[in-house]
Amino acid sequence: MGNVQMLLRQHVGAPCAAIVKAGDEVKKGTLIATPTGLGANIFSSVYGKVTEVTDDRIIIEPSEEQPDEFVPIDVPEDASKLDMVKAAGVVGLGGAGFPTGIKLNINLAETPMGELDPEINPELPADFKLDCEKGYILINAAECEPGLEHNIRQIEEQCDKVIRGVKYCMEITNADKAIFAIKKKNQKAIKTLQKALESEPAISMHLLPDIYPMGEERAVVRECLGVNLTTMQLPSAAKSVVVNLETAAKIAEAIDEKKPCITKNLTVRGKLNGGNGAHVFMDVPVGTSVGELIERAGGIDGKYGEIVMGGAFTGKSTDFDAPITKTTGGILVTVEFPDLHGANVGLLVCACGGNEDRMREICEKMNGKVVSVARCKQAIENKPGAPLKCLRPGNCPGQVKNNMQFKKDKCEYIIIGNCSDCSNTVMASGPKMGLKVFHQTDHVMRSVGHALYRTLKVSKQVSQDIDF
Amino acid sequence: MSITAETAKAHAHDPAVLCCRAEAGITIEPANLEDPAIFDDLVDSGLLNLDGCLTIEEVLGAKLTKTCDSLAPLTADVLDGVKAPSVSAPAVEEEVAEEAPVAAAPAAAVPVAAGGVLKIHIGEGKDIDLQIPVGALGGGAAVAEVPAAAAVAADAVAPAATVGEEKIVGTLTRKHFNITEVKRGPETKIEGTVLTIREGIEADVIADQELVKDFKLEIITPELYHTYSETVMDVQPIATKEGDSELGSGVTRVLDGVVMMLTGVDEGGVQIGEFGSSEGYLDENIMWGRPGCPDKGEIFIKGNIVIQEKTNMERRGPMAAHTAFDIITQEIREVMKKLDESLVVDTQELKSIRRPGKKKVVIVKEIMGQGAMHDNFILPVEPVGILGARANVDLGNVPVCVSPLEVLDGCIHALTCIGPASKEMSRHYWREPLVLEALHDEEVDLCGVIFVGSPQINAEKFYVSRRVGHTVEMLDADGAFVTTEGFGNNHIDFASHIEQIGMRGVPTVGMSYCAVQGALVVGNKYMQYMVDNNKSEAGIENEILGNNTLCPEDAVRALAMLKAAMAGEDVKAAEKKWNPNVKSTNVELIEGAYGTKIDLVGNEQELPMSEKRRLKYS
């Protein structure tokens, strides 16, 4: 295998500081960088030798032999479970990368319910109460980015480990209930969970419709508990902690095996030799290059548009040399972009898709000229420059006004990054106004064989019956 | 875009349209609804059909029985639990898009039964001061519980202020002489009711100005109304000052039954003001009875001037025409000065009345000053004369303050131009409806009139509008009117005047022809109170002289709207598209509130259809 690159920033917070130098021998699980502020420990994911330490990464040349054994995390005998999670460098593996040891450092039993904004909770009765004594762990198993399959695969294959992790989370945070939020379309995983949860009365499932987004943190809270949070509120306002299922499994490994967070599950997919089916790779060493994983999946089939790291909505373009991190969930190779021959393009930026820079990049790759930029009314910038957050994820606020702007600005095409519901609304007026609509995920959807995001054909409600 | 509960309330009577796809079973809430503000555009572009659409107040809380997509109008067949509509609250509505019209009139009043004795009912009123000896209430019983609704009345009762006394600051006497026949003769004279104009006076007119190449005088009696004419450049009263009287005071003598009418072309036969001119048969192109127009039955002393080729769109051409034509009027004026008092058929006394304590209002009249043929002579010695006047353009278009009586005494000699339907002829000022209404309205204190020119260049427009703002600020006015003539270019400074006044906290009613063709090209947040002077059926400038100029019915609406604005009442925002019903609703509201009948003037539909109008405007 090629060199492994361990980025010093693989999480929300400040970059870690390297504690190794060029020439040092490392093993799987050797601590190589520690937090300088908000952050999480970083461990070597391979056996080998440090060849270079730069400002943003540690480069390791792997040994020929890569035994399964690893260096267990260095914690005292009487370390608490929370300390073990912290020491193992676990972060939110769903993509956000928030240090899990900090997220779980909450006593839900003593956390008061936050104040709910009546404007976005019109149907909530005045005496609304959550159906729990202390609090909830909500397990995000939505795997919402289209085309990715490694989360659901893990439920199917490692259900016990995931459930163990969930129970540890409940114990650490004093939660008395847990709910798996999973899309109803994942029938096999649901059956597996159903069986496993027979003996777990405190843990249940909430079935989600197959629309985007369902995995957004506040969408999970809303779907499971019926509570809409503002963009400033954390799930703790609903006495909850949301944990990705892969993170839960990593928590179990940290506590049961004292295993540091050094591997990642991911999906490689797209315009690859052998077809566009998903290649799910479990326990890939963090720091492995994108190119190596694409080769493992069969290699690129001819010409391609771009390589996306992460999901189609929230991912970014990347290249062969880039390493994967603790938060990488997908590597998607896309078909070529259409050529708009310099036509006028409007961008509809929202919280669900890429930011304006990413939208502009896609427009440039399509050879369009950005003449108008609108932002979905619900995309809130909590602080200047902060990533946009959607006020009511998956529930459209109306888009016709934006289309009117695009029309006025003489756009021929528009590129939208909206969720299923908002895309549907854009389609209700855009084409009639003579606007040709692209979605920022189109090239990825074509590459993975997924329907394009245009009109909404399924209900936003699904029955909670396991009727299959 | 979805709306808030607040917006939903404000638009309770507007159509309810889903902003996004909504699934069967949901309860309709504001977040499901599209903002009605954009419906006009959507309907125009065919994206929306509001037939059968329920209103927002009807659908809120109802249950959707069928999944509907974005932009679906909510109708009874897809809802359960639709509420009954309430009666729409009568608020006056702005008439011009970006601006819109009249605020609701009347503050109802409050019967106060303190000890069963005192009853106060104020049908309509603002700033009413009442002095009531406390003893009269039987030992100082509380004066009243004034319901909040009658905020105005409350103001009045609270502080015991002195009653403001009306103060007459000026008078102007108009002595009317009747003319029943106009003929030519060896000398200019008036005998009884017969006016004779000297034969050969035409040569004097031609000789007076180098640019005047030809001149013809016609006497148009009612039997000759169906006479072809070049474009009407001006309609003027024939009036003169008596003795040493200055314009706007003392005595003015005026001839009834006859007006001066100036028409003209250039040597090449091009209309002065071609591209929006009123040439044609007089009876097909004059809107009778408009303040600036002849009244039906009047005799026109009609002078047709031919000016040097290509000076028709230069300033010097029309100026020469007006100056030369005034030779005739001046000769008549000289005769009038000597007329025996016994010929006076009517004497009218106009009073400039100040009403201290009432809401102080000022009228800002924007007049054309772009140069070329757009100019006005301000403050001549004689009513609508030439001598002594300064050209607006030469004054730099800056605001000039005049008294209401100066306006009514002909202080503006108008050099009107393109767009005859919305331009104010000299006679308009002589009978200016807004000045008259405001002067006579006992609820307001008209402090004066400010004329401001409309320069050609934007930088100059803002130069003069800032002067207007400061002037109004110095006046400590409670409210202002800004009127304009024409449309388009002048709307830039019109909007800026309103902004400059509005930003100083003074509610400002704007008056302009707008409707369809004259829709505002600019706007700002202070343009909340707008009255549309349009009268034309189609909302257009149809080259009918005076058709869309400010009339008494417009003045009444503007006053009602300004009073409402000054009282802090809501004036509904204008509809995006011109809707003539807004005006009629406002008129009805005002009639209801004041218990008066407002007679509306007619429009071009009453005139015989000219060939030009048939071809160009129908």
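Mentor: A residue is buried if 20 or more other C-beta atoms lie within 10 Å of its own, with C-beta atoms placed from the backbone. The model under discussion is a predicted one.

Trainee: How many of the residues of helix α5 of chain A are buried?

Mentor: Helix α5 of chain A spans residues 217-225. Its buried residues include nonpolar ones such as A:V220 and A:L225, and also A:E217, A:R218, A:R222 and A:E223. The helix is largely enclosed by the rest of the structure, because the buried residues number nine of the nine.

Trainee: Which strands are included in what covers the buried residues of α5(A)?

Mentor: The helix ends at residue 225, and just after it A:G226 takes a positive phi of about 80 degrees. The cover over its buried residues includes four strands of chain A, namely β8 (136-141), β9 (177-183), β10 (203-208) and β11 (240-244).

Trainee: Is A:S204, in strand β10 of chain A, buried or partly exposed?

Mentor: A:S204 is in contact with A:I179 and A:L197, leaving aside neighbours within four places in sequence. Its C-alpha atom lies 6.3 Å from that of A:A178, a residue 26 positions away in sequence. A buried residue needs 20 or more other C-beta atoms within 10 Å. A:S204 has 14, so it is partly exposed.

Trainee: How are helices α3 and α4 of chain A oriented relative to each other?

Mentor: The axes of α3(A) (residues 150-173) and α4(A) (residues 187-196) come within 8 Å and cross at roughly 15 degrees. Angles under 35 degrees count as roughly parallel. The crossing angle therefore makes α3(A) relative to α4(A) roughly parallel.

Trainee: Which residues of α4(A) meet α3(A), and what is the handedness of the crossing?

Mentor: From α3(A), the contact takes in A:I152, A:I155, A:E156, A:C159, A:D160 and A:I163. By class, the contact between the two helices has seven nonpolar, one polar and three charged residues. The residues on the α4(A) side are A:K188, A:A189, A:T192, A:L193 and A:A196, and the crossing is right-handed.

Trainee: Which element gives the most to the largest nonpolar core?

Mentor: The largest nonpolar core has 160 residues, and those with the most contacts inside it are A:I137, A:I139, A:C169 and A:A181. With nine residues, the element that gives the most to this core is α3(A).

Trainee: Which residues does A:C169 touch, and how many residues are in the other core that lies apart?

Mentor: Not counting residues up to four places away in sequence, A:C169 touches A:L104, A:I137, A:V241, A:V243, A:A248 and A:I251. The other core, apart from the largest one, has B:I367, B:A414, B:F481 and B:L562 among its residues, and its size is 129 residues.

Trainee: How is α10(B) oriented relative to α13(B)?

Mentor: Helix α10 (residues 433-440) and helix α13 (residues 552-566) of chain B have axes 8 Å apart and pack at an angle of about 50 degrees. Their crossing is right-handed. An angle of this value is neither under 35 degrees nor within 65 to 115. The orientation of α10(B) to α13(B) is therefore oblique.

Trainee: How many nonpolar residues has the contact of α10(B) with α13(B)?

Mentor: B:P433, B:L434, B:E437 and B:A438 in α10(B) meet B:P552, B:D554, B:A555, B:V556, B:A558 and B:L559 in α13(B). The contact has no polar and two charged residues, and its nonpolar residues number eight.

Trainee: Is B:E349 buried or exposed?

Mentor: B:E349 sits in strand β15 (residues 344-354) of chain B. Leaving aside neighbours within four places in sequence, B:E349 is in contact with B:T171 and B:T173. The C-alpha atom of B:V251, 98 residues away along the chain, is separated from that of B:E349 by 9.1 Å. Because 9 other C-beta atoms lie within 10 Å, B:E349 is exposed.

Trainee: How many residues of chain A are in contact with chain B?

Mentor: On the chain B side, 18 residues take part, and they divide into seven nonpolar, five polar and six charged. On the chain A side, the number of residues in contact is 21.

Trainee: What percentage of the residues of chain B count as buried?

Mentor: Chain B contains 15 helices and 24 strands. Among its contacts between residues at least 6 apart in sequence, 75% join residues at least 24 apart. Of its 618 residues, the buried share is 52%.

How values were computed. Residues numbered from 1 in each chain as written. Chains lettered and ligands numbered in written order. Predicted model: local features only at pLDDT ≥ 70, side-chain atom pairs only at ≥ 80, totals over all residues. Contact = placed C-beta atoms within 7 Å. Helix = DSSP H or I, 4+ residues; strand = E, 2+ residues; numbered from the N terminus. Buried ≥ 20, exposed ≤ 12 C-beta atoms within 10 Å, placed from the backbone. Axes fitted to C-alpha atoms, helices over the stretch in contact; angles between N-to-C directions. Parallel < 35°, antiparallel > 145°, perpendicular 65-115°, else oblique. Left-handed = near helix turned anticlockwise from the far one by under 90°. Core = buried A, V, L, I, M, F, W, Y, C linked by C-beta atoms within 7 Å.
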